[in-house]
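Visitor: I would like a close look at one part of this model, the nonpolar patch on its surface, and then at whatever helps to set that patch in context. Please take it slowly and keep to what can be read from the coordinates.

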Amino acid sequence: MSIEAEALLQEAKESIEAAQNYRSELQQRLHGLSQARKQVRGSSSQAREGLKRHFSELQTAVSRLLTERLSVLLSEVDVIEQDSVRPLDDCQKLIEHGVNTADELLREGEVAIRCGLGEKEDLLGCFTKKALHIHLDSLPEVPVLVDVPCVSAQLDDSLLYALRDRVSRHGSVSSHPPVQIEELQERPGSVLVRWCKVDDEFAVQDYRLQYRRSVSGQYPGQYEDTYIGPELEFLVLHLDPHTDHLFRVCARGEGRTEWSPWSVPQTGYTTLAPHEWCPGSEGYILSSRRNIAMRSDSSPSKAGVLYSNAPTYFCGQTLTFKISATGQMDKRDSIGVCVGCEGEAESLQRDQAVCISTNGAVFVNGKEMTNQLPSITLGSAVTFDMEVVNLLPISNNNNLSDGGNFKLRVTIGSGNREVVFDWLLDQGVDCLFFGCSLAHPGWKVLVF
């Protein structure tokens, strides 16, 4: 094959490869468009159902309230009517009785007048006595109309105007929530969720973070609240590795009680095993998840160092110790990280380890630094951050275990202060143990 033919063949192959890549990129964009359309359709459907359900419940509630109020007012009318008509009925009975008595007297008088002369005197005498006894000059008092209740209902349109005004402003529809999840970062047995406000005009008072766990690729459970507060990030603990979790966040405006629409749910997971203390260590009691260690009084004289169950701390991560209970301080106390486990060691204040004591002193390979951090108290959070800094090439194939000069830049933070130093090791390491030694009982340390 000639050089020109080979060049054309190579150019054709490159064009085919470019076309394949181009088609692949377009197919990915089509998939992205499909996901976007699915989100628009799905969220619109959910919004419609939510609006219909809410306003249906609102109509039912308002109708019930109006019916109850109408029943109360009608009952008040009934009571007034009954109380007002009762004395009128009594007066009517009295008058009707008088009318009947007067009719009877008139009949008797007409009979006395029309009778014969022999009976007239006796009948007229009896009639006159009866008339005097009846008191024909005594009449019952009938109330005038101004003294009789005239029932009326006082109704105005203020409620309708107020209701119309509130209804016209009730609810809203937005195409984008005011806050979105910005980053999901895996941590040992946890995920660090960061979010940001995307609506500059929305004044935020609090954020609300929720998550739910995947089961066989589905999300059957309900969302759970995991954080409410003003911060823009939160570490969600106690997550199973290699398991998807859905996260979403919303916000509440200043002076408001209702929450904003939820952000677009984001899927996150961690592949890192959670940090755990080593079980069976004398003088320490562990929680069921082994992430909390409590110094017990079973070995008050000597308990040694409680190490992690495995070297699960990797450079580039943040290791945090949270103090949830305190005991008596001791200069031998230590919390930190180390290259290996030395079973006979009483403290991490030794070679191949960096640590902080409960009094705030910082030790590197057993030597105390000049810089000191605040003393550890109830609620203190001590953080360790490390990054690799090589003085010289470790080996030709860059294998960390081959030895050589190896340096880690360590940052220890506590109480809004931090110290930064270089930790020189005689061999490279890619993972480290953590540990603590506490001389007196009462201390409780959470690691994450």
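Guide: What follows starts at the patch and then turns to salt bridges, a buried histidine and the nonpolar cores. The model is a predicted one, and the description should be read with that in mind.

The patch covers about 760 Å² and is made by Leu 51, Phe 55, Leu 58, Val 62, Leu 66, Leu 159, Leu 163, Val 167 and Val 173. Helix H1 (3–114) and helix H3 (158–169) each supply at least two of these residues, and the largest share, 5 residues, comes from H1. Leu 159 has its place in helix H3 and is exposed, because its relative accessible area of 55% lies over the 50% cut-off.

Helix H3 also carries a charged pair, in which the side chains of Arg 169 and Asp 165 meet in a salt bridge of 3.0 Å, N to O. Both residues lie in H3, 4 residues apart, or about one turn of the helix; Arg 169 is exposed at 54% relative accessible area, while Asp 165 is partly exposed at 38%.

This pair belongs to a structure that holds 13 salt bridges. In another, Asp 225 and Arg 208 meet through their side chains at 2.9 Å, N to O; Asp 225 lies in strand S4 (residues 224–229) and Arg 208 in strand S3 (residues 204–213), so the pair ties together parts that are 17 residues apart in sequence. Glu 342 forms a salt bridge with Arg 350, with the closest N and O atoms 3.4 Å apart, and here Glu 342 is partly exposed at 40%, whereas Arg 350 counts as buried at 9%. Glu 183, Arg 194 and Glu 233 are linked in a network of salt bridges.

Turning to the interior, His 275 sits in the loop between strand S7 (266–268) and strand S8 (284–286), yet its relative accessible area is 3% and it is therefore buried. A polar contact of 2.7 Å joins the side chains of His 275 and Thr 312, and the residues in contact with His 275 beyond four places in sequence include Pro 188, Arg 290, Tyr 313 and Phe 434.

In soluble globular proteins, nonpolar side chains tend to be buried together. The largest nonpolar core here has 38 residues, of which Phe 321, Met 386, Phe 421 and Trp 423 touch the most other members. A second, separate core of 15 residues includes Trp 195, Tyr 207, Val 236 and Val 249.

Notes:
Residues numbered from 1 in each chain as written. Predicted model: local features only at pLDDT ≥ 70, side-chain atom pairs only at ≥ 80, totals over all residues. Heavy atoms only, no water. Patch = residues over 30% accessible without salt bridge, like charges linked within 9 Å, V, L, I, M, F, W, Y side chains within 5 Å. Areas by Shrake-Rupley, 256 points an atom, 1.4 Å probe, with all protein chains shown as cover. Salt bridge = Lys/Arg side-chain N within 4 Å of Asp/Glu carboxyl O. Helix = DSSP H or I, 4+ residues; strand = E, 2+ residues; numbered from the N terminus. Buried < 20%, exposed > 50% of the residue type's maximum accessible area, 1.4 Å probe, protein only. Polar contact = N/O pair within 3.5 Å; in protein donor to acceptor, adjacent residues only side chain to side chain. Contact = heavy atoms within 4.5 Å. Core = buried A, V, L, I, M, F, W, Y, C linked by side-chain atoms within 4.5 Å.
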